[in-house]
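The following text walks through one protein model, from the overall fold to single side chains. Please keep the sequence and the coordinates at hand while reading.

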Amino acid sequence: MDFKEIHSKQKSFFNSNQTKDVGFRIEQLKKVKAILKANEPLLYEAIYADFGKSEYETYLTELSLLYHEINIFIKKTRKWSRKKRVATGITNFPARSYIIPEPLGTTLVIGAWNYPYQLSLLPAVTAMAAGNTVILKPSELPSRTSEIMAKLINENFPEEYLHVVEGGVKETSTILEFPFDKIFFTGSIPVGKIVYQAAAKTLTPVTLELGGKSHTFVLPGCNLKTTARRIVWAKFLNAGQTCVAPDYVLVDKSIEHEFIEALKNEINKQHPESGTLRENYLQIINTKNFDRLTALIDDEKVCYGGQTEKNKRIIHPTVMHNVSFDDKVMDDEIFGPILPVISFTSLDEAIAKVKERSKPLSCYIYTNNKKTVKRLLRELSFGGGAVNDSIMHLSNSNLPFGGVGFSGIGSYHGKAGFDTFTHYKSILDKPCWFEPPMKYLPYTNGKLNLIKKLLG
Ligand code: NAD
C-alpha cells in the first residue's frame, strides 16, 4: 500500500476546505453510524472469531458507546464549531476579539486491540466531527475486526477523507514517518513512548491513551455486597483486558475477610461457567499474553479460581490474597482476570505506597465515609475514576477521559474529544476609525502617566 499517496491525498483534500463545512461533517457522521448499524451482524461475527466476545457485551461495551458519542457529535458539532466572542479589554478598545475553532488537518489514529471497535472508531469519528481527515490503523492482533473495519470504511469512504490501513509494527512505523497534524494513540506505555518520539520529529501534537495499575480502595463504611458486585463485573469484563479495570484492591484489614467472601460469592453468581466460550467470558487475546498472565499467578496466594485452559486461552476469574507490593503480580499492569488483594492497617501507609508508583489511569474508592473520599481524591493523582463504582465513569461523555503522567497525555469523549482535534485560533479584529497615540513614538512622560492611569 502506498502510504505516501494516501497521506498526500488527505493533505490535498483537507486543503480543499470541504471538511470545514459543518454540514459535510454531520453527513459523514450519520453515514458512519448507518454503515455500522447496517453491518452489525458482521461486526459481531468478527469479534467473536477474534476472542469469543458475545453480541451482548460487544453492544454494551463498544457499539453503544460509539453510537452515543456519534449522536452527541451530530447534535453538538454545529455549536462547538461556531466562533466565540470574548471580551477585548481597554488595551485594544474598540476592537472585537473572538476564537475560531479550526480542525487540525490530517490525523492519524492508532488503536489498541482490547475494545477494537470503540478504541479505533471513537477517536476517528471524533476527529471527523472536528473537521479533520483520518487515517485509522487498528490493532493487528484481532485480525478479523481490523479486516471488517477496513472493509466497511474503505468501501464506503474516499481514501482522501477517511481510510483504514491494516498492519502491525512495520506498517505503523512507516506511517509514523509522515508529518501528520495530530496523532491519537491508544495502547501500551512502551509503544506510547515510540509514538511520542516519532511525533517529536515533526512537532506533531499527540494524545496518548495509555494504561497503568488502577488501584481500588475498599474501606470501612462501604456496602460490601454492592462493592464486590461492581468490582467483579469491572475486573472480569473482557477477561480483565480493560485499560480501566481495577488492577488490584487495597482493602482495610478489618474488613478483608468479609470482602474476600463477598468477592467469591459474586464471582460464583456472575461467572458460573467462566470456562465455556459461548458464555460472556472472554479468551485471552493470544498465547503470548496467556503465558504472561499465567506466570503471574502464585498458587500459594490464590484464594479463588486459578484454573487455566491453554488450548482455549481461558483463565478463570482468579483472586489472590496476602499479596504485597513486592509480588511479581504488582510489577506491571495485569490486563487479565487476576485480582490481587492487598490488605493494610494504616491508610496513611497505603496512600504513601500508592504515591511511590506511577499515576494510573483510574482509581476507585469504595466507602460511604465522605471525609476519606475527599482525602483520597485530594491526595492521589490518576486519570479519572469513581466513588463506589468502577469503569462506569467512561460512559459519561461529559467527563473527559484520559490519563496523567505515565497513564497518558490528553483526553477525549464528548467535548473534550472535539477539543483534542481542534485548534482554537485567537483573533483580534480592529477597526481603523480610532487610533490612540499611546503605543506610538515618541514616548513622553505625559503618555506614560496616562497609560499608568488607564492600565493600573
Ligand atoms: P500496544 O501498545 O501493543 O499496541 C497499540 C497499537 O500500537 C497497535 O495498533 C499496534 O499495532 C501498534 N504498535 C505496537 N508496537 C508498535 C511499535 N513498536 N511501533 C509502532 N506501533 C506499534 O497495546 P495493546 O496491546 O494493543 O493494548 C494494551 C495496552 O493499551 C494496555 O496497556 C492498556 O492499558 C492500554 N489501553 C489504554 C486505553 C486507554 O483508553 N487509555 C484503552 C485500551 C488499552
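Of the 456 residues of the protein, 53% count as buried. The model is a predicted one. Its C-alpha trace spans about 85 × 55 × 35 Å along the principal axes, and the secondary structure comprises 15 helices and 18 strands. Among contacts between residues at least 6 apart in sequence, 71% join residues at least 24 apart.

The domain assignment divides the protein into domain 1, made of 3-210 and 407-425, and domain 2, covering 215-401. Between the C-alpha centres of domain 1 and domain 2 the distance is 30 Å. Domain 1 brings 29 residues to the contact and domain 2 brings 25. Together the two domains bury about 2200 Å², with 54% of that area on carbon and sulfur atoms.

What kinds of polar interaction cross the interface of domain 1 and domain 2? The number of salt bridges between domain 1 and domain 2 is zero. Polar contacts do cross the interface, and 13 residue pairs are found, both partners being at pLDDT 80 or more. On the side of domain 1 that touches domain 2, helices α3 (40-51), α4 (55-81) and α14 (414-420) each supply at least two residues. Helix α4 gives the most to this side, with eight residues. Sorted by class, the side of domain 1 that touches domain 2 holds 13 nonpolar, 10 polar and six charged residues.

Two loop residues with low accessibility can be followed next. N238 sits in the loop between α9 (224-236) and β9 (248-252). Is N238 buried or exposed? N238 counts as buried because its relative accessibility is 1%, under the 20% cut-off. A polar atom of the N238 side chain lies 2.8 Å from the backbone oxygen of N114. Apart from neighbours within four places in sequence, the contacts of N238 are F51, K53, E57, N114, Y115 and L282.

T367 is found in the loop between β15 (362-366) and α13 (370-379). With a relative accessible area of 2%, T367 is likewise buried. The side chain of T367 has polar partners on the backbone: a polar atom of this side chain is 2.8 Å from the backbone oxygen of P220, and the side chain reaches the backbone nitrogen of N369 at 3.0 Å. Not counting residues up to four places away in sequence, T367 touches L219, P220, G221, C222, V373, V387 and N388.

Q18 offers another loop position, between α1 (3-15) and α2 (22-38). Its relative accessible area of 39% falls between the 20% and 50% cut-offs, so Q18 is classed as partly exposed. Leaving aside neighbours within four places in sequence, Q18 is in contact with F13 and F24. The C-alpha atom of Q18 is separated by 62 Å from that of H257, a residue 239 positions away along the chain.

The salt bridges come last. Side chains of opposite charge can pair when their charged atoms come close. A search of the whole structure finds 21 salt bridges. One of them joins the side chains of K11 and D181, at 3.3 Å from N to O. This pair links distant parts of the chain, since K11 belongs to helix α1 and D181 to the loop between α7 (169-175) and β6 (182-186), 170 residues apart. K11 is partly exposed, at a relative accessible area of 27%, and D181 is partly exposed at 25%.

R144 forms a salt bridge with E45, and the closest N and O atoms are 4.0 Å apart. R144 lies in helix α6 (residues 143-156) and E45 in helix α3, with the two positions 99 residues apart along the chain. R144 counts as partly exposed at 33% relative accessibility, and E45 is partly exposed at 48%.

E102 and K425 form a further salt bridge, with the closest N and O atoms 2.6 Å apart. Here the partners come from strands: E102 is in β2 (residues 96-103) and K425 in β18 (residues 422-429), 323 residues apart. The relative accessibility of E102 is 22%, which makes E102 partly exposed. K425 also counts as partly exposed, at 31%. Elsewhere, D348, K355, R375 and E379 are linked in a network of salt bridges.

How values were computed: Residues are numbered from 1 along each chain as its sequence is written. This is a predicted model: local features need pLDDT of at least 70, side-chain atom pairs count only at pLDDT 80 or more; totals for chains, interfaces and linings use all residues. Side-chain values use heavy atoms; hydrogens and water are left out. Domain bounds come from an automatic or database domain assignment. Contact means heavy atoms within 4.5 Å. Buried area is the accessible area (1.4 Å probe) that two parts lose on being put together, summed over both. A polar contact is a pair of N or O atoms within 3.5 Å; within protein, one must be able to donate a hydrogen and the other to accept it, and residues adjacent in sequence count only if both atoms are side-chain atoms. Helices (H or I, at least four residues) and strands (E, at least two) are DSSP runs, numbered from the N terminus. Ala, Val, Leu, Ile, Met, Phe, Trp, Tyr, Cys and Pro count as nonpolar, Asp, Glu, Lys and Arg as charged, and the others, Gly among them, as polar. Buried means under 20% relative accessible area, exposed over 50%, partly exposed in between (1.4 Å probe, protein chains only).
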